[in-house]
Amino acid sequence: MGRYPFMTAVNDYLGAMEGVLAPSTHKERKRRLARMNKILLELEARGQMSTCHPEQMKDKDVLAYVSYLRSNGMSDAGIGHNINALGAVLGWVGNGAVTKARSRFPQHFPHGPKKRLDPMSDDERDVVIRAALQVDVSEWRRMEAYAISVTAICTGLRPQELRFSEITDMDLNNATMHAEVVKGLNRYGEPRDTAIHPDGVPFLRRYLKARAAELMRRGLTTNTLFPAVRSLKDGKPDVYSANSMTVLRNIVERETCVTYHLQKTRRTWGQVALDDGVPLDAVSRMMGHATSRTTETYYARKKNIPT
């Protein structure tokens with residue numbers, strides 16, 4: 001496998017997964033495995049692992065990696081993602097060390113069901129939407145930053161679905177939003193429509209006007225709902241990267257003092273919809289879940305309201 005056997009196996013594995021994993025998942029796994037390679041080489045150099053050769057790694061080498069991650073404060077969720085990625089590469093070369101390590105040292109590995117995390121509070125949600133209404137339409141970057149967050153809060157779309165949304169996907173007259181580039185597209189995911197909560201409609205009408213004015217001012221045209229206008233002007237793709245979406249969200253966080261992420265806004269939409277009386281099956285379908293059990297377990301649950 002040459003001088004760097006782990007990265008050789010990683011590149012072979014990623015090449016085989018091209019078109020199988022979603023593009024965003026493939027990109028994230030590539031970055032994760034590159035970071036992992038540096039750590040494994042460091043642990044081998046320190047003598048804490050016998051080898052980082054993917055065909056020769058043992059269960060105790062996997063345990064050493066897990067111990068390193070835990071000692072550096074990584075969460076159970078983070079450890080789980082890294083071990084799954086390591087297991088995929090080792091499994092690719094026929095090495096079952098990760099499975100054996102899980103069996104021999106179960107106490108060292110994340111376990112137990114995932115907990116349903118909290119949505120935004122009603123106050124946090126209202127603060128963001130009210131702040132959006134105060135943004136001057138001439139302040140394009142702030143308008144777009146708030147538009148992405150308000151759309152997320154009021155539609156429950158995933159980050160990728162927001163990034164690739166087009167202007168024709170948003171129908172404010174009927175308060176609906178279409179998601180075309182969905183999770184698992186061409187495999188298990190299907191395009192779908194969801195409802196736009198009425199609380200977001202007034203600001204989103206202002207955003208669409210601001211968007212049209214900004215594109216006209218710059219002499220640009222695009223179907224992208226949330227266009228990266230600087231990239232578009234330079235002739236580059238105008239769909240924001242995941243990192244750029246984070247930068248825009250940070251603008252809203254700083255101004256409102258509300259800390260959140262786009263997965264939290266998704267849970268927020270689901271919980272508000274249930275609280276408003278939308279049937280669970282309908283909420284699940286609009287969130288793009290295969291079953292309502294996924295919705296109830298990880299995103300939102302109907303509250304027991306005393307009579």
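**View 1. Met 177 stands opposite Thr 194 of strand E3.** This is a predicted model, where local features need pLDDT of at least 70, side-chain atom pairs count only at pLDDT 80 or more, and totals for chains, interfaces and linings use all residues. Residues are numbered from 1 along each chain as its sequence is written, and side-chain values use heavy atoms, leaving out hydrogens and water. Strands (E, at least two residues) and helices (H or I, at least four) are DSSP runs numbered from the N terminus. E2 (residues 176-179) and E3 run antiparallel, joined by four bridges; strands pair if DSSP finds at least two bridges between them.

**View 2. Side chains take turns along E3 (residues 192-195).** Arg 192 and Thr 194 point to one face and are buried, meaning under 20% relative accessible area with a 1.4 Å probe, protein chains only. Asp 193 and Ala 195 point to the other face and aren't buried.

**View 3. Here's the largest nonpolar core, with 44 residues.** Such a core is a set of buried Ala, Val, Leu, Ile, Met, Phe, Trp, Tyr and Cys residues joined through side-chain atoms within 4.5 Å. Ile 196, Phe 203 and Tyr 207 have the most contacts inside it, a contact being heavy atoms within 4.5 Å. Helix H7 (140-155) gives the most to this core, 10 residues. Leaving aside residues up to four places away in sequence, Phe 203 touches Ala 132, Leu 133, Met 143, Tyr 146, Ala 147 and Val 150.

**View 4. Helix H11 (242-256) has its own set of buried residues.** Among them are Met 245, Leu 248 and Ile 251. Right after H11 comes Cys 257, with a positive phi near 60°.

Technical notes. Buried < 20%, exposed > 50% of the residue type's maximum accessible area, 1.4 Å probe, protein only.
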